[in-house]
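Subject: Structure handover

Hello,

Here is the structure I promised to pass on to you. Please open it alongside this email, and the notes below will walk you through what was found.

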Amino acid sequence: MNTVRLTAAQAMVKWLAAQMTEERERFVDGVWAIFGHGNVAGLGEALQKAGNGLPTWRGQNEQTMAHAAIAYAKAKKRRQVQAVTSSIGPGATNMVTAAALAHVNRLPVLFIPGDVFANRRPDPVLQQIEDFDDGTVSANDCFRPVSRYFDRITRPEQLLTALPRALRVMTDPANCGPVTLSFCQDVQAEAHDWPEEFFESKIWRIRRPVPDARDVEDVAVLIRAAKNPVIVAGGGVIYSGAEKDLAEFATRHAIPVIETQAGKSALAQNHPMNFGAAGVDGSAAANALARKADLVIGIGTRFQDFTTGSWSLFQAKDRRLVSINVQAYDADKHGALGLVADAKVALGALSEHLGQHRAPAPDVTLRAEWLAAVDRHCAAPSGEDLPTDAQVIGAVQRATGENAIAMCAAGTMPGALKLLWQPSQGGYHMEYGYSCMGYEIAGAMGLKLARPDREVICFVGDGSYMMANSELATAVMRKVPFTVVLTDNRGYGCINRLQQGTGGEAFNNLYRDCNVEQQPEIDFVAHAASMGAHAVKAKNIADLEAQVAAARGRDIPTVIVVDSDPTNGPGFGDAGNWWDVAVPEVGTTDKLKQAYARYLEGAAGQRLVN
């Protein structure tokens, strides 16, 4: 057996560079890195030698550069990933939130945090966590519950099994998610004689699990019997590449489609069977169909509470639930008839069984009335009042074309965009599994790196911007152009409304309701410009449209600041559904008592099993 002598870090880098997609691209596109004493001498040296064979990019914060990697994987439909490496200690634990985000959203990313010395000679080293009762514990054990696969590399030869296991998880459609290889810093630098065949190029295929024929027949029987079926399209449709299949299935069998946050834009908004967003942030059309549906067919969805209205949305007395999913855990939730399969394969098998069967046609006036309401809510304001979020969305929609992708993560905008943004196929990117404030700027950069052919519009509130904005400087350095629409309502306007809607008083959300000596006056334009972005303040909605259009000609990020009113609400009327947010059972104010009464009324409609 021929061998080559390399350090463990050099071997990791060489092996990762040889792992390919079916399109003959590197599966791991490159590595985001902030170096410290846990990874600079080992992985740092190996990555420097690799050069463009496995590119390295410098971020500003370990969490946000991981967010960029996650957005990249999402935009690539989980078929290509990026790795993220940090030092030990705070560099590593900064990434734990990002790992949780990837885990919840079932997105692949490779975390390589540095770890303590495996030989323990210099213990305790700088930044080392010491467990008084367990000598094997380090700060990196925080990654265990938020990783699909976790391994601590304490000997070089462990990479021979750990690396293939990592790629297996990230390419498994059912168990896909983040992988953490906690890499002891002394082991990174240790040499080993590696078999040369270990570094031979390998192509990783994304499998398409085939459904059990009996389950297909059972689901087909339910569809044939249904009078008011509805499809709930989730992110699994997109990750499967089944967008066209969904469109053909819905059209052929006359079954309307409603959307989750992850599934939005699987169908273009102009598709006649697309009735819009479902649930808490759902359209009147989608929720009307959902409430009377006798058969709910989930495709690639986790049935998160926002989609189901905390399981109060699907109200038909005899309704049945079908869940088509690659992961049996999701397929069997809430008493559903599970069809464990890839979405594309399952839709083909079901359509073959159904033949020319067509359900009773859905009420198309629901869709027409909803779209007309969207136009009204998004129309430019006639007065001088601060714009609603809906009016901001309308301005951006008018200033962009079918090429645009709207993206966001937290605050009021996710619900408003899910309801009001009218995307072309693939024109929507929302991180709403974890709804992580601070994802937006870094996520926009990762999205644009994955989809350089599309115009990327990042919607972010002032609260999220303040949490994490530093990757704006990275995007400037790398000349990654995207447009940030920053709505400034001077605090956490979304939670302020939720606080008061659940019976509370305005407290600690808007700056004016905080215990501060002086109200901050933050100049977001100056701040963004100081990092090198092109930054402007939109005078009004018409100016916002003009600034969005002008941004397309730049090769750096553009930040457009828009003042909005935190008390005016998002501006989309009575759409939506009840959401289970616990209200205090005992309180002294009438406002709180009324809120608790509304809570009991909503909870009475919950239906947790078939």
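**A buried phenylalanine**

With a relative accessibility of 5%, F303 counts as buried. Before going further, please keep in mind that this is a predicted model.

Where does F303 sit? The residue lies in the loop between β14 and α12 (305-308). Setting aside neighbours within four places in sequence, F303 is in contact with V232, V296, G298, T308, W311, L321, V322 and S323. Another residue to look at here is T260: F303 and T260 are 43 residues apart along the chain, and their C-alpha atoms are separated by 8.4 Å.

**The sheet around β11**

Two of those contacts of F303, V232 and G298, lead us to a sheet. G298 in β14 is the bridge partner of V232, and V232 belongs to β11, where it points the same way as V230. On the other side of β11 point P229, I231 and A233. How many of the five residues of strand β11 (residues 229-233) are buried? The count is five of the five, so β11 is largely enclosed by the rest of the structure.

The neighbours of β11 are easy to trace. Five bridges join β11 to strand β14 (residues 295-299), and the two run parallel. Strand β12 (residues 257-259) is also parallel to β11 and is joined to it by three bridges, with E259 of β12 as the bridge partner of A233. From β12 you can step on to β13: these two pair in the parallel sense over two bridges, and V257 stands opposite N274 in β13.

Put together, this is an open sheet of six strands with parallel pairing, in the order β13-β12-β11-β14-β15-β16. Its edge strands are β13 (274-277) and β16 (337-340), each of which pairs on one side only. From one strand to the next, the twist averages 20°. Helix α10 (residues 243-253) packs on this sheet and touches β11, β12 and β14; the direction of α10 makes about 170° with that of β11.

**Another six-stranded sheet**

There is also an open sheet of six strands in the order β4-β3-β5-β6-β8-β7, with parallel pairing. Which strands stand at the edges? They are β4 (56-58) and β7 (149-153), each with a single partner strand, so one side of each is left without a neighbour in the sheet. Here the twist averages 20° from one strand to the next.

At the β7 end, β7 and strand β8 (residues 179-184) pair in the parallel sense over five bridges. One pair to look for is D151 with its bridge partner L181 in β8. Helix α1 lies across β3 (28-33), β6 and β8, running at about 155° to β8.

**Helices that pack together**

Helix α1 (residues 8-17) also packs with helix α2 (residues 43-50), at an angle of about 40° and with their axes 8 Å apart. The two helices are therefore oblique to each other, and α1 passes α2 in a right-handed crossing. On the α1 side, A9, Q10, M12 and V13 make the contact, while α2 brings L43, E45, A46, L47 and A50. By class, the contact of α1 with α2 has seven nonpolar, one polar and one charged residues.

A second helix pair to look at is helix α3 (residues 62-75) with helix α18 (residues 439-450), whose axes come within 7 Å and cross at roughly 45°. That makes α3 oblique to α18, and their crossing is right-handed. In α3 the contact residues are T64, H67, A68, I70, A71, Y72 and A75, which meet Y439, A442, G443, M445, G446, L447, L449 and A450 in α18. By class, the contact of α3 with α18 has 11 nonpolar, four polar and no charged residues.

Both α3 and α18 come up again with helix α5: the buried residues of α5 pack against α3, α4 (90-93), β6 (110-115) and α18. Which residues of helix α5 (residues 96-104) are buried? They are V96, A98, A99, A100, L101 and A102. After α5 comes R106, with a positive phi near 60°.

Enjoy looking around, and do write back with any questions.

Best wishes

Methods:
Residues are numbered from 1 along each chain as its sequence is written. This is a predicted model: local features need pLDDT of at least 70, side-chain atom pairs count only at pLDDT 80 or more; totals for chains, interfaces and linings use all residues. Side-chain values use heavy atoms; hydrogens and water are left out. Axes are lines fitted to C-alpha atoms, for helices over the stretch in contact, and angles run from 0 to 180 degrees between N-to-C directions. Helices (H or I, at least four residues) and strands (E, at least two) are DSSP runs, numbered from the N terminus. Angles under 35 degrees count as roughly parallel, over 145 as roughly antiparallel, 65 to 115 as roughly perpendicular and the rest as oblique. A crossing is left-handed if the near helix is turned anticlockwise from the far one by less than a right angle, and right-handed if clockwise. Contact means heavy atoms within 4.5 Å. Ala, Val, Leu, Ile, Met, Phe, Trp, Tyr, Cys and Pro count as nonpolar, Asp, Glu, Lys and Arg as charged, and the others, Gly among them, as polar. Buried means under 20% relative accessible area, exposed over 50%, partly exposed in between (1.4 Å probe, protein chains only). Two strands pair if DSSP finds at least two bridges between them.
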